[in-house]
Amino acid sequence: MNGWDTIVLEHLEQITSWPARIDALFVHARDTWDFFRQAEAAMSSSRTKILTHGDAQIIVQANPGRKRSIHARTDAQAFAARPCFLCLENLPVEERGLGFGNLVILPNPYPILKRHCTIPDRSHRPQRLAGRVASMLKIARALGPDMLVLYNGPRTGASAPDHFHFQACDAWQVPILQELALEGTEPMLQAHNSFGRNLLVLADPSAARLRKRLEQAVAVLGRTPVAGSGTPGEEPLFSLLAFYRKPRYYALLFPRVAHRPACYFAEGAGQLAISPAVLEMAGLLVVAEPEQFDRVGAKIALSIYQEVSLDDARFEQFEEEVRKLEDFA
Ligand SMILES: [Zn+2]
């Protein structure tokens with residue numbers, strides 16, 4: 001399909017287990033791609049610290065490899081003027097991947113976690129969740145319980161808002177997962193508040209029903225003041241992650257009111273290169289400028305999360321509206 005097959009490692013398709021196939025893809029990348037191997041090693045040895053607020057913990061990571069993404073201009077003029085780095089012809093020459101229907105799973109050369117993948121569409125199409133949830137859940141199930149599938153909205157951290165992509169990564173270091181009770185077999189809807197963030201947790205043994213419920217929740221969010229864009233057809237502000245733990249699919253929906261906090265735009269000593277996307281919302285706060293690492297304490301992290309998340313009053317209203325839906329009764 002439009003040339004992508006030239007970078008798909010077809011011989012890895014003989015490996016029937018997807019997690020093992022992903023492992024083999026990363027072994028291949030380390031063996032054949034110096035930049036990737038060095039980036040992954042730098043990420044593994046990056047400075048980290050744990051911050052605590054009440055019962056919740058987050059991890060702060062100093063990761064200069066993320067500068068490009070954190071400082072990305074995501075306005076229409078900026079991305080119209082640059083070659084799209086997720087289009088096949090602009091990928092690093094060493095990049096190889098695994099086909100997943102109309103998507104391709106690629107090692108991300110700017111990783112935050114182990115097995116960090118970028119999963120672009122084979123065609124240059126806008127970043128929008130509509131019509132993509134089924135595929136997100138299908139990837140989650142294939143990758144299994146040790147990995148997450150991530151979605152950044154076009155205005156909440158996707159550094160290529162003009163080229164559709166998911167991401168995936170290892171789940172075990174992601175702090176928000178430690179806070180959730182992940183046992184059960186029934187459909188579930190739960191509000192969760194932690195470290196200044198409000199989120200909805202949906203779980204369901206049926207992918208079709210979870211898809212419907214998630215789409216309905218996003219539609220309700222579109223009518224919520226601040227998170228909704230006010231522009232019909234434009235996606236509301238949210239971050240989303242999904243995973244599968246037998247027998248249920250899970251989706252974590254973080255309603256947002258802003259992409260970047262005020263400190264991102266501040267001048268001088270108060271400036272912080274923190275640009276919260278979905279992994280930040282999940283509790284991995286990435287600081288692109290290592291010299292700013294020491295300045296990020298629990299109080300600053302809390303205020304960043306509060307600033308970009310839907311506030312308590314509006315979130316309660318949002319949750320109530322979602323619960324009123326027939327399908328959630
Ligand atoms: Zn593109």
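# Helix packing and local features

Helix 5 and helix 7 are oblique to each other, because their angle falls outside the ranges for roughly parallel (under 35 degrees), roughly antiparallel (over 145) and roughly perpendicular (65 to 115). The model is predicted: local features need pLDDT of at least 70 and side-chain atom pairs count only at pLDDT 80 or more, while totals for chains, interfaces and linings use all residues. Residues are numbered from 1 along each chain as its sequence is written.

## Helix 7 and its two partners

Helices (H or I, at least four residues) and strands (E, at least two) are DSSP runs, numbered from the N terminus. Helix 5 covers residues 133-143 and helix 7 covers residues 207-222. Their axes come within 9 Å and cross at roughly 130°; axes are fitted to C-alpha atoms over the stretch in contact, and angles run from 0 to 180 degrees between N-to-C directions. On the side of helix 5, the residues that meet helix 7 are V133, A134 and L137. Helix 7 answers with A207, L210, R211, L214 and E215, where contact requires C-beta atoms, placed from the backbone, within 7 Å. Of the residues in this contact of helix 5 with helix 7, six are nonpolar, none is polar and two are charged. Here Ala, Val, Leu, Ile, Met, Phe, Trp, Tyr, Cys and Pro count as nonpolar, Asp, Glu, Lys and Arg as charged, and the others, Gly among them, as polar.

Helix 7 also packs against helix 11 (residues 312-324), at an angle of about 135° and with the axes 10 Å apart. Helix 7 and helix 11 are therefore oblique to each other. A217, V220 and L221 of helix 7 make this contact with F318, E321 and V322 of helix 11. Five residues of the contact of helix 7 with helix 11 are nonpolar, none is polar and one is charged.

Two further residues of helix 7 can be described by their surroundings. R213 lies in helix 7 and counts as buried because it has 23 C-beta neighbours inside 10 Å. Q216 is likewise found in helix 7, but Q216 counts as partly exposed, with 16 C-beta neighbours inside 10 Å. A residue is buried with 20 or more other C-beta atoms within 10 Å of its own, exposed with 12 or fewer, and partly exposed in between.

## The nonpolar core

The largest nonpolar core holds 84 residues; such a core is a set of buried Ala, Val, Leu, Ile, Met, Phe, Trp, Tyr and Cys residues joined through C-beta atoms within 7 Å. V149, A168 and A242 touch the most other members of this core. Neighbours within four places in sequence set aside, V149 is in contact with M136, I139, A140, L143, F166, A168, L241, A242 and F243. A168 and A242 are thus named both among the contacts of V149 and among the residues that touch the most other core members.

## Loops with unusual backbone features

Most residues other than glycine have a negative phi, and most peptide bonds are trans. R115 has a positive phi, near 50°. R115 is found in the loop between strand 4 (103-107) and strand 5 (117-120), and R115 counts as buried because 21 C-beta neighbours lie inside 10 Å. F195 is not a glycine but has a positive phi of about 50°. The loop that holds F195 runs between strand 8 (188-194) and strand 9 (197-204), and F195 counts as buried, with 25 C-beta neighbours inside 10 Å.

A cis peptide bond, with omega of about 5°, joins K246 and P247. P247 lies in the loop between strand 10 (238-245) and strand 11 (248-255). Another proline, P161, is found in the loop between strand 6 (147-152) and strand 7 (165-170). P161 is buried, with 22 other C-beta atoms within 10 Å.

## Strand 9 and pairs of residues

V201 lies in strand 9 and counts as partly exposed, because it has 18 C-beta neighbours inside 10 Å. Apart from neighbours within four places in sequence, V201 is in contact with L180, Q190, H192, Y250 and L252. The table gives the separations of four pairs, including V201 and Y250.

| Pair | Apart in sequence | C-alpha to C-alpha |
|---|---|---|
| P161 and P126 | 35 residues | 6.1 Å |
| V201 and Y250 | 49 residues | 7.1 Å |
| R213 and V322 | 109 residues | 8.8 Å |
| Q216 and L25 | 191 residues | 36 Å |

Methods
Contact = placed C-beta atoms within 7 Å.
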